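Open the model in your viewer and keep the selection tool at hand. This tour goes stop by stop, with what to select and what is there.

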Amino acid sequence: MDAFGDYVWPRATSELILLPVTGLECVGDRLLAGEGPDLLVYNLDLGGHLRMVKRVQNLLGHFLIHGFRVRPEPKGDLDSEAMIAVFGSKGLKVVKVSWGQSHLRELWRSGLWNMSDWIWDVRWIEGNVAVALGHNSVVLYDPVIGCMLQDVPCTDRCTLSSACLVGDTWKELTIVAGAVSNELLIWYPATALTDNKPVAPDRRVSGHVGVIFSMSYLESKGLLATASEDRSVRLWKVGDLRVPGGRVQNIGHCFGHSARVWQVKLLENYLISAGEDCVCLVWSHEGEILQAFRGHRGRGIRAIATHERQAWVVTGGDDSGIRLWHLAGRGYPGLGVSSLSFKSPSRPGALKAVTLAGSWRVLAVTDVGSLYLYDLEVKSWEQLLEDNRFRSYCLLEAAPGPEGFGLCALANGEGLVKVVPINTPTAAVEQKLFQGKVHSLSWALRGYEELLLLASGPGGVIACLEISAAPTGKAIFVKERCRYLLPPSKQRWHTCSAFLPPGDFLVCGDRRGSVMLFPVRPCLFKKPGAGSKAITAAEAPGAGSGSGGSESVPTGIGPVSTLHSLHGKQGVTSVTCHGGYLYSTGRDSSYFQLFVHGGHLQPVLRQKACRGMNWVAGLRMVPDGSMVILGFHANEFVVWSPRSHEKLHIVNCGGGHRSWAFSDTEAAMAFTYLKDGEVMLYRALGGCIRPNVILREGLHGREITCVKRVGTVTLGPEFEVPNLEHPDSLEPGSEGPGLIDIVITGSEDTTVCVLALPTTTGSAHALTSVCNHISSVRALAVWAVGTPGGPQDTRPGLTAQVVSAGGRAEIHCFSVMVTPDASTPSRLACHVMHLSSHRLDEYWDRQRNKHKMIKVDPETRYMSLAICELDNDRPGLGPGPLVAAACSDGAVRLFLLQDSGRILHLLAESFHHKRCVLKVHSFTHEAPNQRRRLILCSAATDGSLAFWDLTTAMDKGSTTLELPAHPGLPYQMGTPSMTVQAHSCGVNSLHTLPTPEGHHLVASGSEDGSLHVFTLAVKMPEPEEADGEAELVPQLCVLEEYSVPCAHAAHVTGVKILSPKLMVSASIDQRLTFWRLGQGEPTFMNSTVYHVPDVADMDCWPVSPEFGHRCALAGQGLEVYNWYD
Amino acid sequence: MGRTSKDKRDVYYRLAKENGWRARSAFKLLQLDEEFQLFKGVKRAVDLCAAPGSWSQVLSQKVGGQGSGQVVAVDLQAMAPLPGVIQIQGDITQLSTAKEIIQHFEGCPADLVVCDGAPDVTGLHDVDEYMQAQLLLAALNIATHVLKLGGCFVAKIFRGRDVTLLYSQLRIFFSSVLCAKPKSSRNSSIEAFAVCQGYDPPEGFIPDLTRPLLNHSYDTDFNQLDGPTRVIVPFVACGDLSAYDSDRTYSLDLDGGSEYKYTPPTQPPIAPPYQEACRLKKNGQLAKELLPQECSINSVDKLPQPLAIHTLLDPKVEDNEIHC
């Protein structure tokens, strides 16, 4: 933002960078993190919380930070001041900071020193720095004045892939270099006879079969660890490296990563490695894996830092997330699996089922009909009852609640259900419900007021039993309240049940994968006017074990709302209500967020569990407010956290088909299962909360392919966001209302993310992610942006409809609502609801035996989307916009969105381009006394642009849309109104702007680095004859046309015409360039080098007159720029 | 996704397999030749970073006529043998490799040097771009030893942030430098080819393989970092318009004529670095995390302990200095 006068405005400045974290270092209780060229300093307190102290901006110019070296202080006082050498790529800079309690001040910074070659390692040598360079040379550099003191190459000038400098004086300086030949070269720069005389390597060590990416030397034990492309880590006994000629012995070869290993770090007792597989492994020096940290997403972990005093490991990922993990040593304290020693001569029979009543009582039933209790405090088995009617087939379920209400239920193959109070089994009550087998049992609990037991019998009938206890606690009462009936299916029984708050409905899931709602009090449901409290007191003590029940309720009440086969044929496994939403899990590896609106179930979002967890068995809310998913991953039981993407517990139980139970409380979680005829119990203290901390949330794990700004939310002062980035800035709250831009991004990681970008703090908050896509997301479009309360409502918030599209020819439509919420760090809450989806090859999924056939259809990808909002007076089609999609199979497709996005269907297509269509863009032409015309522009890999007049095409009776050959197929769009050959190859960006003269400026950027700008005129032919009825077709023509051939050195992936005089373009060559328009050829104004590589999309928008424009660049990361108009 | 997915997504991948090319990149060289007549009058050609050998395949078929041309392929990795191609397994940064090439040409310099090498990308863009630039410069360095005056040099480039530095460096050695992108190279890929014609080193230049050629850096006059003066060479799209579009997804029955049949890859990789790791993984021999069930812990009966940080501390670590 310096020196405005030197430049032609506007000048873009970077506000926010989200890039892979490539540099991390712990200094005392501070964590240094490199983010692009910026240094972020965080304070770590004992709880492992992280607070950003300061962002030291733009240390390395256009280079990215790859590492830090803090100058060792002889007095060991790094708590108040530190000299930090920051390096990355070819750049080196030294910055001196003072960090008191929480304030950080930059005292001094050196110039940015450009090395002649890539910097692999830097080491402080008595006030100077030694730098290991890319072609195996070492330079001694004075970083204060920026001059080279020594420059010693090795005789072998091979390209290096890593290097490690050892020693504290130039004399003893040792370099271990990882060469492309996969060897380690050890040599001593100080042995050069004269300056610049090459030094021969002292030792060559081979072993790895891939290049070496990282090394770590542990002086105290004389060990060196290397991480390699060959997916292994080797541990070498090297002794004192500073002594020439020492023996190097490979003492460990650790294979544990399933991809390349990027980083390694040796500690006194551990070896930490992390790699492309996103796993950070903690090894002992003997080569055992003590811990594995999983949670980062994407292409791997790029940086490791350790805090040995606190036993913390901090990792930085490609997903730009930073996480803190606890080194626990061998095994975790307080958890483990134990056998409960059930097998005994005194307990005959084989175990049939096991369950948990709370987390400290285990119940088990055997095939001789005996029910046993194991109390973890007493540590012994006790027989509760024996009933041979429950021989051979017996279901066992304990009631929910912290201690299981002290109740459990048994059911047998003859329709008998028995409810047993665990403390007084003699008071058990039984009821014969059905003539046949009881297929399933489940409980539903509402607060402490209402407890129901549901039992599924033959023919899809569910008996609903109401359980109550006498005030003395000595007796229980079981009363059949009603019967429900499930929709017909082959395996017609329910699998789970829960009360829907406030308690008028029961939610059930069934074996067929459907989720449905049943009225809790059917008698009241029919007469909604009746009181609701009256019946709870009406206990019928004499209900007993009568047989009258089954005749008096002949059929059963059907569901009031059903989502048929929501979870597919494998069935629903659980239903949970929390925070106004309903969650269901199923064996289709997914869980759904649902909600009930007007007595009807509506799916909100489908979420996928972690990879490989095909059997999602349940969902729990843990005390810290987050959610954990229970499921089975092959033969393991896994507790997985969707928030941290971490597997919190893994129990090798053998799979989900055996009898198992899970229970968690704040203090502990328990999982019990049967294995080899024995009851096994896994317990973990601390329940499902892990002390691991997400220091900074990651964004997408893979490339971001598209970015779109939705709108702005203005928060009043009551939502004042604490300004963490600049705590010492002098204007607390003086900015007035906080503006927060809401931006959505789509990524190759198949998710769409809703981001909040406050204008004041320069931070980014991921609000929600949508995981409905099965392949990468490549395009986004937004329409119907409004406020939650409608146009009259002035309350802050934002609603919008979003369409996303990508690989496998898949489109999803969803709505986004952002509202203020003071309880979240971003001060916003985001609700997303999935509305509709469309796939071109959907029919394929429905085909039988598809694995035996070859699918000949192309794997079409959608490359770009444009919303075309037609006038509402279109006859016949009803309100709703068109969505135009650029398709990789050479088509431009038009979809119609109806019913506010709930219906999406393919309307028309054209194969005019015959090549992969890369971009579509729509705009309207408005002229006085003329109809508003909607024009679509499409562009393909051959560099041509085609313009389509959609208004004419959509008119009723128009001949532009050709009828399809077969009914059910889309219309054919015919030929475009005009084509322009703008570039020699693919068009990667496209934008238009109406001019004051009533024309349109069209700008496009191409793969060949060129820009093409022309003026498009839309002319209406004069109505010559009195042919009144015939629709006049406008003529398009090019007025002024300019081309800038070498505007960029690579693909121009973003172009935006900001005004008829100003245009901005962005390219993969990492330049954001402003162009002056309107005076003949576009002329270069200025350009800024940005840091996100492989930029795939750009979006620009004006924020406010004071703030100017913002521009989001998305590629392998995200960067936000702003400039003042 | 089935094994046919890649055939549908990438028509050149499929055509390469069907035509017996070892990699789809064969089409890139063919299309470059269509545009620039690279092979015209060429008797001796060198293929640097040749593995898996698709460019050598093209060269051996196109260079010279009826076996009169000589092709030398150099790579650090082993490569399956190819008829009519002399293979050298060696490092292109070594002088001995240059001498060996000249030896094979009986002392004559080469007419054409091509290099389609790319480093194994790490995903860190700046590292990958640097590594690719070093590969190109190493190829250029060895080319200065073996290329005749007026000869031609074709090498893969990544068009990233610093590609203009490479252009300016190549311009020192060649009278004409162009950036070309064949149709068979995808739009989504940042790769392109520097086609350098008319080898003409600066006066007094002595080829020296003992010293690596280092990248240029930006200067304020001729090649600015963010100013209007940058060395951007003309861009040429190669391959005629009727050629298949590498970004387009084609149906498996291309011409409707012959029925699609899955073809396995022509030449699977030889001894990749991950071979051992994959073998261990296949046999379930990768080191596994010590799960709690394998640790003998009998803590079920212990009183719940708060998971405070200090209980997690390994006493042996506690006294150590911070090691950063």
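Start with chain B and its contacts. Among pairs at least 6 apart in sequence, 72% join residues at least 24 apart. Colour by secondary structure: chain B has 10 helices and eight strands. Of its 324 residues, 54% count as buried.

This is a predicted model, so colour by confidence before going further. Its scores are ipTM 0.86 and pTM 0.86. Chain B has a mean pLDDT of 80, with 85% of its residues at 70 or more. Now select residues 293-324 of chain B. There pLDDT stays under 50. The model still gives this stretch 53 contacts beyond four places in sequence. Where pLDDT is low, predicted coordinates should not be read in detail.

**Stop 1: the annotated active site**

Select K156(B). UniProt places the feature "active site" here. The residue sits in strand β5, residues 147-158 of chain B. Is K156(B) buried or exposed? K156(B) counts as buried because its relative accessible area is 9%, below the 20% cut-off. Show what surrounds it. Beyond its neighbours within four places in sequence, K156(B) is in contact with nine residues' worth of scenery, including C115(B), D116(B), G117(B) and A118(B). Q132(B), L136(B), E191(B), A192(B) and F193(B) are also among its contacts.

**Stop 2: the annotated binding site**

Select G53(B), W55(B), D75(B), D91(B) and D116(B). UniProt's "binding site" annotation covers these residues. D116(B) has come up before, as a contact of K156(B).

Zoom in on G53(B). It lies in the loop between β1 (44-48) and α4 (54-62) of chain B. Its relative accessibility is 0%, so G53(B) is buried. Leaving aside neighbours within four places in sequence, R22(B), M79(B) and L82(B) are in contact with G53(B).

Move to D75(B). This residue is in strand β2, residues 70-75 of chain B. D75(B) is buried too, at 11% relative accessibility. Not counting residues up to four places away, D75(B) touches C49(B), A50(B) and A51(B), as well as I88(B), Q89(B) and G90(B). What does the side chain of D75(B) reach? Look for the backbone nitrogen of Q77(B), at 2.8 Å.

**Stop 3: helix α7**

Select Q169(B), in helix α7 of chain B. Q169(B) counts as buried because its relative accessibility is 4%. Its contacts beyond four places in sequence are L137(B), L213(B), L214(B), N215(B) and H216(B).

**Stop 4: the interface with chain A**

Bring chain A into view. How many residues of chain B are in contact with chain A? There are 95, and they meet 123 residues of chain A. The two chains bury about 9,000 Å² between them. Carbon and sulfur atoms account for 58% of that area.

Now show the polar links. The interface has two salt bridges. Select one of them: K181(B) with E1007(A), whose closest N and O atoms are 3.0 Å apart. Across the interface, 23 residue pairs are in polar contact, both partners at pLDDT 80 or more. Next, highlight the elements of chain B that each supply at least two residues to the side touching chain A. Among them are α1 (5-9), α6 (125-146), α7 (163-173), β8 (235-238) and α8 (275-282). End on α6(B), which provides the largest share of that side, six residues.

Notes. Residues numbered from 1 in each chain as written. Chains lettered and ligands numbered in written order. Heavy atoms only, no water. UniProt positions renumbered as here; feature names shortened; annotations may be inferred. Helix = DSSP H or I, 4+ residues; strand = E, 2+ residues; numbered from the N terminus. Buried < 20%, exposed > 50% of the residue type's maximum accessible area, 1.4 Å probe, protein only. Contact = heavy atoms within 4.5 Å. pLDDT = per-residue confidence, 0-100. Buried area = accessible area lost by both parts, 1.4 Å probe. Salt bridge = Lys/Arg side-chain N within 4 Å of Asp/Glu carboxyl O. Polar contact = N/O pair within 3.5 Å; in protein donor to acceptor, adjacent residues only side chain to side chain.
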